[in-house]
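Here are my notes for you to read with the model open beside them. Take the points in order, and look up each residue as you go.

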Protein chains: 2
Amino acid sequence: MAASARRGAPLTLEEISTTALRLMDEGGVEGLSMRKLAAELDVNPMSLYHHVENKDALIRLICSTAAQRMQLPPDDGSPWQEQLRALAMAYHRHVGQHPAMWSYLHNHPELIADRELIIWQTLYRVLRLAGVPESELRRTSDVLHAFVTGFVVAETHGHLPDDPEEVKADFDAAVRLMIHGVAGFTR
Amino acid sequence: MAASARRGAPLTLEEISTTALRLMDEGGVEGLSMRKLAAELDVNPMSLYHHVENKDALIRLICSTAAQRMQLPPDDGSPWQEQLRALAMAYHRHVGQHPAMWSYLHNHPELIADRELIIWQTLYRVLRLAGVPESELRRTSDVLHAFVTGFVVAETHGHLPDDPEEVKADFDAAVRLMIHGVAGFTR
DNA sequence: ACCTGAACACCGTTCAAGT
DNA sequence: ACCTGAACACCGTTCAAGT
């Protein structure tokens, strides 16, 4: 056994990653430290190293579990333009919930490179529907993903204090620009 | 007088910001610390606080001087599509030279919000040329800027090791998508 | 197997003291 | 006016020791 001296139960990866993500959500990147996380879990800082190799690995864990759990819209049969907008909105919501995590992810794109992730599967499906040829799927999805990430990160960190109507109009303009871009692409 | 005990001349903001940017370029965000910067300048760490309020102010200084010095293409009379591409390429080059600074900037868009900056002036000019109405300039330029930043940051951090031909094709696709998007916008 | 305390090499920053 | 050293409250991480 050898559970914690202060806690009843032993640590799990599950609660480590959940608590770490919460700390990041609440206090940004600098809100998460190994020592604060340990304090939050009521455990010795060094105990964490038995479950996670180091801080980088911890953040990687947070990102991958959060990315896997993203709630993305299913294929409802609507036109690709609407589905692209719905996907962008789902992205927008997720970044709004975990801005610090997405900032990190934006600077470490390799953590989200796995094409089996639901986010890529969904984007591929929408782009196929739009008529993007198979050979261009990787490239087009990369570009759109970078665009959307750039936009929502800038929006979340930049002008949230603004008039929400303005933010909505900005978001609409971004989506329309992408739709026109993809349409012009396959025409 | 009262210059440094170890150096001949007193510190200047100029050399502080130049050296700090170099440290960031060489070692990423974690390559820049007040103590390393002081060591590099052969000065006591605390001396820096006489020229700069704190580390945040130092990074703000780096970003604003670098942004002011960006070399952007002048109006050469070519079509707006070509000028937009040239602008994106200039951006691309600058981010490639200072990736860590741009990562920071991407997460602190307020540092680049001043519409008098050459980057906004240039973008406004190109968009006017493309026929974007005055009332939509702020919005459209925000969206495009976020897109370009998203793309070049992702590219710089993500798949530079790739085949340079592929990177170039990705960049072309991104520019074409933006051009189609803007064109569809004003049609 | 899992947890712990002490220790090391780093941080940013404050403050009182030097010239 | 500008620089400095000591000190404080933080970091991530290693290591040897506990159960």
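1. Start with a pair that crosses between chains. In this predicted model, Arg139(B) and Asp170(A) form a salt bridge, with N and O 2.8 Å apart. Arg139(B) sits in helix α7 (residues 137-158) of chain B, while Asp170(A) sits in helix α8 (residues 164-185) of chain A, so this pair joins two chains. Is the pair buried or exposed? Both Arg139(B) and Asp170(A) are buried.

2. Stay with Arg139(B) for a moment. Its relative accessible area is 12%, and buried means under 20%, so Arg139(B) counts as buried. Which residues does Arg139(B) touch, leaving out those up to four places away in sequence? They are Glu166(A), Ala169(A), Asp170(A) and Ala173(A). Click through those four and you'll have the surroundings of this side chain in view.

3. Now for a salt bridge within chain A. Arg128(A) pairs with Glu134(A), and their closest N and O atoms are 2.7 Å apart. Arg128(A) is partly exposed at 42% relative accessible area, whereas Glu134(A) reaches 52%. Exposed means over 50%, so Glu134(A) gets that label. If you wonder what brings such partners together, side chains of opposite charge can pair when their charged atoms come close.

4. Over in chain B, look at helix α1. Glu26(B) and Arg22(B) both belong to this helix and are 4 residues apart, about one turn. Their side chains meet in a salt bridge, at 3.5 Å from N to O. Glu26(B) is exposed, with 59% relative accessible area, and Arg22(B) is partly exposed at 34%.

5. Some salt bridges share partners. One network made this way takes in Arg115(A), Glu136(A), Arg138(A), Arg139(A), Asp142(A), Glu166(B) and Asp170(B). How many salt bridges turn up in the whole structure? Over all chains, the search finds 26.

6. Next, a loop residue in chain B. Glu136(B) lies in the loop between α6 (118-129) and α7. Its relative accessibility is 25%, so Glu136(B) is partly exposed. Try following the chain from there to Phe147(B): the two residues are 11 apart along the chain, and their C-alpha atoms are separated by 16 Å.

7. Check the backbone at Asp42(A) too. What is unusual to look for here is the sign of phi: Asp42(A) has a positive value of about 60 degrees although it is not a glycine. This residue lies in the loop between α2 (34-40) and α3 of chain A, and with 38% relative accessibility it is partly exposed. Then turn to chain B, where Asp42(B) also has a positive phi, near 60 degrees. Asp42(B) is in the loop between α2 (34-40) and α3 of chain B, and is partly exposed at 37%.

8. Let's step back to chain A as a whole. How many helices and strands does chain A have? There are 8 helices and 0 strands, so to speak an α-α-α-α-α-α-α-α run from the N terminus on. The C-alpha atoms fill a box of roughly 65 × 40 × 25 Å along the principal axes. Chain A has 187 residues, and 50% of them count as buried.

9. Two more numbers for chain A. Take the contacts with a separation of 6 or more: residues 24 or more positions apart account for 61% of them. The chain exposes about 9100 Å², and carbon and sulfur atoms supply 54% of that area.

10. Finish with the empty space. Rolling a probe the size of a water molecule over the atoms shows where such space is left. The largest pocket holds about 1100 Å³. It is lined by 32 residues, and the closest to its centre are Val29(A), Tyr104(A), Asn107(A), Val29(B) and Asn107(B). Which helices each supply at least two lining residues? They are α1 (13-27), α3 (55-68) and α5 (99-107) of chain A, together with α1 (13-27), α3 (55-68) and α5 (99-107) of chain B. By type, the lining divides into 14 nonpolar, 11 polar and 7 charged residues.

Terms used:
Residues are numbered from 1 along each chain as its sequence is written. Chains are lettered from A and ligands numbered from 1 in the order in which they are written. This is a predicted model: local features need pLDDT of at least 70, side-chain atom pairs count only at pLDDT 80 or more; totals for chains, interfaces and linings use all residues. Side-chain values use heavy atoms; hydrogens and water are left out. On a 1 Å grid over the protein atoms alone, a cavity is a set of points where a 1.4 Å probe fits but cannot get out, and a pocket is an open set with protein on both sides within 12 Å along at least five of seven lines; lining residues have an atom within 4 Å of a point. Grid points are joined across faces, edges and corners, and a volume is the space filled by probe spheres set on the points. Ala, Val, Leu, Ile, Met, Phe, Trp, Tyr, Cys and Pro count as nonpolar, Asp, Glu, Lys and Arg as charged, and the others, Gly among them, as polar. Buried means under 20% relative accessible area, exposed over 50%, partly exposed in between (1.4 Å probe, protein chains only). Contact means heavy atoms within 4.5 Å. Accessible areas come from the Shrake-Rupley method with a 1.4 Å probe; for residues, only the protein chains shown count as cover. A salt bridge is a side-chain nitrogen of Lys or Arg within 4 Å of a carboxyl oxygen of Asp or Glu.
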